[in-house]
Amino acid sequence: RPPRSTPKPSSAASDVYKRQEYRLWSEFEPYYINLNEDNFYRRLKKIFKEDAVDQIAKIYLRDEYDGNKFQHALSNLMTDWTFGMHTLQLLEQHQDKSYGYFFNEPSPLLDGKLGAYHASELPYVFGSANKKIFKDFCSEKSDEISNFFQVSWTQFAKTGSPSSHLMDWEIYENNSSITYINSTPKNKTFKKFLWGRFRKRCNYFCLLYTSDAADEGLGVDLGG
């Protein structure tokens, strides 16, 4: 169950989201690798109310996938449901003191199958991307990415804002802006990123898992 709304804190907050968070599990777990249509729908019925399952499945299965579409659809769904909606809630609850970023630099590991997976930004944040143990996990542009992360986080710790000579970050409250970070992070502030399909899906999931969801109904548009 996602957290309820809480009073806004006086200190700044920063939230991160990665598009392929769940692939750290779904690319290795036999359940996902061998997932078929019957088990895909069975899993959804264990997580969501049955009258919402067909609509949720339709949204995630409509994307183009290489390989097992049910594996990738469930992986993307779990990314949004496990990580995405909580990130969105934190940004919404503390929007006047928040900065968000979307990390989308794919790891070269396993020929890129993992994408930007859960915690894949940490070697860049801590300056470890060029160490032998992490080298195969990180981008060829690791120096640039690491520098951007470290400058931004250092500024955030010192001033409450990650803005620096590298980029002027916008507070989330201004146009629901987040910063898009990959091998060319400068000038990658995407306005209204979270107002698209991702936002609608996460709002829908939050509705499903609040105690008064039944009273509010389930007729939420997941398209867009």
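Modeller: Let's start with a definition: a residue is buried when its relative accessible area is under 20%, exposed when over 50%, and partly exposed in between, using a 1.4 Å probe and protein chains only. Arg201 sits at 4% relative accessible area, so this residue counts as buried. Keep in mind that this is a predicted model, in which local features need pLDDT of at least 70 and side-chain atom pairs need pLDDT 80 or more, while totals for chains, interfaces and linings use all residues. Residues are numbered from 1 along each chain as its sequence is written, and side-chain values use heavy atoms, leaving out hydrogens and water.

Colleague: Thanks! Where is Arg201 found?

Modeller: Arg201 belongs to helix H8. Helices (H or I, at least four residues) and strands (E, at least two) are DSSP runs, numbered from the N terminus. Along the chain, Arg201 and Ile56 are 145 residues apart, yet 8.4 Å separates their C-alpha atoms.

Colleague: How many helices and strands are there in the protein, and what pattern does the protein follow along the sequence?

Modeller: The protein has nine helices and four strands. Read along the sequence, they run β-α-α-α-α-α-β-α-α-β-β-α-α. Of the 224 residues, 46% count as buried. Contact means heavy atoms within 4.5 Å; among contacts between residues at least 6 apart in sequence, 67% join residues at least 24 apart.

Colleague: How do I check a helix, and what span should H4 have?

Modeller: The expected span is 1.5 Å times one less than the number of residues. Helix H4 (residues 50-61) has twelve residues and should therefore span 16 Å; its end C-alpha atoms are 17 Å apart, which agrees. Helix H7 (residues 142-159), with 18 residues, should span 26 Å, and the 25 Å between its end C-alpha atoms agrees as well. Just after H7, Gly160 has a positive phi of about 85 degrees.

Colleague: Which residues of these two helices are buried?

Modeller: A general idea helps here: an α-helix has 3.6 residues a turn, so residues three or four places apart point the same way. In H4, the buried residues are Ala52, Val53, Ile56, Ala57, Ile59, Tyr60 and Leu61. In H7, they are Ser142, Ile145, Ser146, Phe148, Phe149, Val151, Ser152 and Phe156.

Colleague: Ser146 of H7 catches my eye. What is Ser146 in contact with, leaving aside neighbours within four places in sequence?

Modeller: With those neighbours set aside, Ser146 is in contact with Tyr124 and Gly127. Tyr124 is 22 residues away in sequence, but the C-alpha atoms of the two are 4.2 Å apart. Ser146 counts as buried because its relative accessibility is 8%.

Colleague: Now the cores: which residues touch the most other members of the largest one?

Modeller: A nonpolar core is a set of buried Ala, Val, Leu, Ile, Met, Phe, Trp, Tyr and Cys residues joined through side-chain atoms within 4.5 Å. The largest core has 31 residues, and Phe40, Leu44, Phe48, Ile56, Leu77 and Phe205 touch the most other members. At least two residues each come from helix H3 (37-47), H4, helix H5 (69-93), strand E3 (178-181) and helix H8 (197-208). H5 gives the largest share, nine residues. A second, separate core has 17 residues, among them Tyr99, Tyr101, Val125 and Trp169.

Colleague: And Asp80 in H5: buried or exposed?

Modeller: Asp80 counts as buried because its relative accessibility is 0%. Its side chain makes a polar contact with the side chain of Tyr60, at 2.6 Å. A polar contact is a pair of N or O atoms within 3.5 Å; within protein, one must be able to donate a hydrogen and the other to accept it, and residues adjacent in sequence count only if both atoms are side-chain atoms.

Colleague: Last one: how many aromatic pairs are there?

Modeller: A pair of aromatic rings is described by the distance of the centres and the angle of the planes. Rings of Phe, Tyr and Trp (its six-membered ring) pair if their centres lie within 6.5 Å; planes under 30 degrees apart are stacked, over 60 edge-to-face, and the rest tilted. The count comes to 14 aromatic pairs. Phe48 and Trp81 pair edge-to-face, with 6.0 Å between centres and 70 degrees between planes. This pair links distant parts of the chain, 33 residues apart: Phe48 is in the loop between H3 and H4, and Trp81 is in helix H5. Phe48, at 3% relative accessibility, counts as buried, whereas Trp81, at 22%, is partly exposed.
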